[in-house]
Amino acid sequence: MSSGAPFPAGREYIAPVGMLVPGSLRTAALLAALLLLWTACGRRSPSALEAKGGGGELRVVLPAEPTELDPNSSRDEIAHLLAPSLYSRLLMLDADSRLHPDLAESWEVSQGGLLYTFHLRHGVRWHDGHPFEAADVRWTLEQLAKHPAFAAEAVRRIDWVETPDEHTVIVHLREPWAPFLSTLAGFGTFILPRPSEGARWPAGAPPVGTGPFRFAEWVPGRRIVLAANRSFFRPGPFLDRVVYTFEPDPNRGPGLLTTGQADYLVQRPSLALLPRLARDPRLRVLTSPSDGRYYLAFNLRRRPFDDPRVREAFNRALDRPALLEHALYGYGAPGFGFYTPAVAWAYDPAARAPGLDRARARALLDAAGFRPDAEGVRLKLVLSCAPIAPYWEIAEVVAKQLRTVGISVHLEQITGRQWMERVLQRHDFELTLIGGNHGPDPENLNLRFGSRGTTQIMGYTNAQLDAALSEGARTVDLARRARAYFQAQEILAHDLPIAPLAEGVQITIYRRGVTGLPRAEARGLVPEYDFSLVRARGGAQNRGGGR
Amino acid sequence: MTGAGKDPAPWRDRLLWRNWPWAAKLAFLLGLLAIVPLAIVTLYNAAAGRAELITATREQNLRQARNTAGAIDDYLRGVLSDLRIVAIAPETSRFLAGESHPHLPEDVRLSLLQMRDTHRFDALYLTDSNGRVVLATSDRLLGRSYVSAPYVRNAMAGNASLDAPRWDPQDRRVFLHASAPVRDALGRIAGAAVGRVSLEGIDHIVMADTNYAGRAEIGVLWDSNGIRLSHPTQPPLRFRALEPLPPDTAARFAAENRFGPDTLKRVNGGPLLPDLVERSRWLLYDEGSDPFLRIQSGGRVIHAALVPLKSVNWLYGIFSPEDAILASIQQQTRRNLLLAGLTALLAAAAAFAAARWVTSPLRQVGRAARALAAGDMTRRVGIDQRDEVGTLAAAFDAMAESLAAKEAELRGYADHLEQRVEEQTAALRASGEELRALYAREQELRRAAEEANRTKDEFLSTVSHELRTPLNAILGWTWLLSSGKLDEEGLRRGVATIERNARAQSQIIDDLLDVSRIITGKLRLSIEPVDLIQVVEAALDSISPAVDAKEIWIERRLDPEAARAKGDPQRLQQIVWNLLSNAVKFTPRGGRVEIAVARRDSQTEIQVSDTGIGIPPDFLGHVFDRFRQADSSSTRAHGGLGLGLAIVRHLVELHGGTVEARSGGEGRGATFLVRLPVPALVPAALPSERAVPAGGRPVPAKAASAVEGLNVLLVDDEADTREMLPIVLSQFGVRVTAASSAAEALDALEHSRIDLLVADIGMPGEDGYSLIGKVRSLNGRNGSLPAIALTAYAAEPDRQKALAAGFQLHLAKPVETNELVSALAALASGGRQAL
């Protein structure tokens, strides 16, 4: 109440006025003042959502230090964790895969999915004070076309971009492409400021975005600091600062939380720790089903994976429920299918990898000419994997299970960056583990299994699959799309370019006292890693000496 | 301002406040006085009450919604905790962890059944990590795969949670699912325990809020997509979206068959409650945000109080339509306003009656006044009262008395006034007649001016005609002559015709020039002693051809005693000639013209009478007007310009005389009488001989002989003259030397013997004045050479100038042969008279 009224209390402030005026007027003034108070009380303020800042500081632990802050490059995944704080997209997806307006206030799809008209928000400014305009969107899309990355499939289909005025962007597609909007709302499509008046975007310059936080400081090896963007166009940010620190060991993260040195972990500790962490009153652990899943990728370019019998043998040698139990501690589900059940409409439960049958596996290997040696080893292979939870645990279980059919797998520990460089780019591997999100659109299958897919490292090509995937993307009718993707999953179940392992879960661990995270209170309002609605009250006390 | 302002309708006039009867005014004012405060109080109360009532209702609804939300939360939590008990039961864990004790499945199944029956679950079941039902309270559930069901996935992600109600495609019913992970001894998730309940429990709780306070309240439960999860009164409306879903979400729900076979119809068929979903999400984010929502839907205003649930991402709200909230207060307001209206009517009626009673004597005064105004001077009010009205009535009666007296007095004045008016009217009438006369005069003048103008136009056309007619004959005969085919007789006739016509034209031009001089006042007379007989004879001479042609008898009665006069002989001859030619012209063939010169008293009378057509009496006053002819039509029988008589009158008047015309009427001839004053002293002797310029006469024999053998030098730049004159003069034995310029002339003078010089005045280079100057400066005989100026500069000042320059004579072009010969003769004989 006091927040709405101009005075702490009416009486003290009315009395001096009353001494100066005659009685009747005094009564009138009293009445007027009461009326004012009455109306002021009648309207409740709609909470403190309008206020910016004052919500404390959020200390985020990243698994590694980013090499750059380009939000749209595929070179550095860590940069993507900061991107939603610094930058905005045209639209955004919440944790429930719902589309929300972001820089685009509204949009229309016309001409049978060939024309996308985005009406941009008015009054948005870049961190450097320049107004955000349609030309920035066009420039960004042009840049994405020049440097293909995650959004390559979307950008490839853009015929041309029209900006009839400063607040309208019309994108003309070459062909209808259903995942267009969800791709624009995904990673790799953050809108960047076009260079103007000389170089506004020179290499090494502090990044400029329209996100809830602006770049403040980067102390290499130690931290990156973002400060609240007080002119952010959406509600928030309530935090004053976000401080990112780097801790490569995932199992040290929870310790940082409990000792009050951090508030939020991006990296996930071993799932084995979760039940214990969940019981810690200083922490909050959120687990939720995710569209992420894990699979074993074969390099089909090399022997022995050019032989489908070998690939089937691998699939039959794996005990997936056991793998789930031992490597993921039961979280999630055994991975039999070729797409995530999180996108229920596109998930084909009938397209399943062959189940456990080790005898058959051995027979297949025999047939393929891989007979056991004196030690019972038929094949010696290298599985390249980063020592990150839960990948390493999965790799260990996979190696153990494969050994039962005479496949000896050597686990090669490589860093995330090496994986990017060697496996993803040079395809220099025999076996590797891949995870990551498969949603929100089944177009993701195209990235992973299409012959041109950016994460299709297996060297796998199937024209039928490509046709099914492109059919799935061309139409907007979900029933028809589902049929196409079901077909794609059946082709994959037949060709087995991978061995699916497990369906993943999403884990969020943070200090109790932090509120408004995208998967907690702000669910349905902001996209993943967007901290604009986060408040971190109590963080200072903890730091001051909570122990 | 329209026409209504100018001509106000009487009813509208009556509507004007100032025209209202006092009774009505008072009734209105008192009624107003009664209704205004009452209405203000009522409306204020109503307005304040409305706002208060809405606020109070909203707060009450919020409290109620919180209670109900709490009840739903409790219910849901109960369901979830019951399920948790199943999930954490050791036998459940052992069963899903794969322990193979023979009685274990049955033990677990029994505990599931027990839980189902005590806690109103529809079914309970356990799934393995792959979502497959491995144990259930109902056997038909066994073996089903729920791997993609969110509640199973949620449990497998480690959460004990409630899922939104959802259609079960296999059981074809809507269930609310609670699920929890089942962990093994090591804390690893081994599977999921799922319990499902029908929604009746929740529907019952929500139902209780329907119209709970009698204001058409309705309880609504919905999820964060705005999809209604319960409809207490109409279960088919479950899953209706409160706000249209985004197209992609709606399509996804439809593809997942989330809400049963009619999913798309349900999620798209909802009413439009904008902001509800957005507000819901913010409320879920921040319980402190505004829980009230004012919704405008289909022309109705609905007030909603929203409460987020704690155990699940749902919201509960109580919705009240505004009209239902305000129904009670509106009824009260209507009652109060009705009361106020009745009071006002009562007050107005009372005021009306009172005012009628008070104003009745006033009306009596009014009636008396109207009677007075209508002329009834005997009418009186006659109220016997001592109050204000009585005083007014008495004063009115006194006034009426006074008015009656004044009226009588006025009537006397009125009679007097009537007389005055009559006088004035007569005077006005007289001045009117005067004006009419003036007007008539003006009209007459105007007619005269118009007539003059018309006359002038007629004259101009006449001039044109008269100038062309002779030219026609001249040109025709000239052509015949030049053809050389005429015999002697034809030749003679031709030449005579040409001569006559040329002369006629010359006469016309002379007349015109004279009139011009008369008009401009430049006509000058050379006054000298004259013999009127000679003047008349000369005039008769020059008119004789016409006289001969018409066989007219001229009778002369010339008194020599009266012959001596003083005047300009040339002009006097012009007067006589004009009168004579006029007479001849209007006298028919064989008629008689009489000319008489006589003295009467101190005047000399010249009278010309004829036996011609006479002059109409109405034209008699105009015969001397310029440009006037009695017959001005183009077909008139008599040619001429009609200038002659005007010139006559003017010349006579210049001589100090008068002229008048008389006629006995048409066909009775006319008489013109010129009276000239006799000069006091008239010279006794007159020159016996003189060259009198007149047209058409043969050269006198005396003159012809005098010029014979004369050497004449002719100077003229005009070749025709240089050619024509030598031929003409050679017939009289005159030898002519022609020179075309002054220099040539001087040269000829030097080399030839010249007796006489005839020189033009206007010549290119050196003019005649210069030539004569040089000639007069010559030595010897040539210096005193007789010289004649023969020039088209024919005016009197030109003549004076020529004589002053040294010429002895001045002749105007064109010159008659006899005139030229006479002049030559006169100079050759040494006579030097100025003309």
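Among the contacts in chain A between residues at least 6 apart in sequence, 69% join residues at least 24 apart; two residues are in contact if their C-beta atoms, placed from the backbone, lie within 7 Å. This is a predicted model, in which local features need pLDDT of at least 70 and side-chain atom pairs count only at pLDDT 80 or more, while totals for chains, interfaces and linings use all residues. Residues are numbered from 1 along each chain as its sequence is written, and chains are lettered from A and ligands numbered from 1 in the order in which they are written.

Chain A has 547 residues, of which 47% count as buried. A residue is buried if 20 or more other C-beta atoms lie within 10 Å of its own, exposed if 12 or fewer, and partly exposed in between, with C-beta atoms placed from the backbone. The chain holds 17 helices and 19 strands. These elements are DSSP runs numbered from the N terminus, helices being H or I over at least four residues and strands E over at least two.

The two chains meet where 37 residues of chain A are in contact with 34 residues of chain B. On the chain B side, the elements that give two or more residues are α6 (150–156), β6 (189–197), α8 (247–255) and α10 (276–285). The most comes from α8(B), with six residues. By class, this side of chain B has 11 nonpolar, 15 polar and eight charged residues. Here Ala, Val, Leu, Ile, Met, Phe, Trp, Tyr, Cys and Pro count as nonpolar, Asp, Glu, Lys and Arg as charged, and the others, Gly among them, as polar. For the complex, the predictor gives an ipTM of 0.84 and a pTM of 0.61.

Elsewhere in chain B, strand β15 (residues 592–600) pairs with two other strands; pairing requires that DSSP finds at least two bridges between the strands. With β13(B) (residues 553–558), β15(B) runs parallel, joined by six bridges, and I595(B) in β15(B) is the bridge partner of R556(B). With β16(B) (residues 603–610), the sense is antiparallel, over eight bridges, and A596(B) has Q607(B) of β16(B) as its bridge partner. The hairpin of β15(B) and β16(B) has two residues between the strands, and D601(B) takes a positive phi near 50° there.

Confidence varies along chain B. Its mean pLDDT is 82, and 93% of its residues reach 70 or more, where pLDDT is the predictor's confidence in each residue, from 0 to 100. Over residues 681–696 of chain B, pLDDT stays under 50, and the model has 27 contacts beyond four places in sequence for them. Residues 831–835 of chain B also stay under 50, with seven such contacts beyond four places in sequence.
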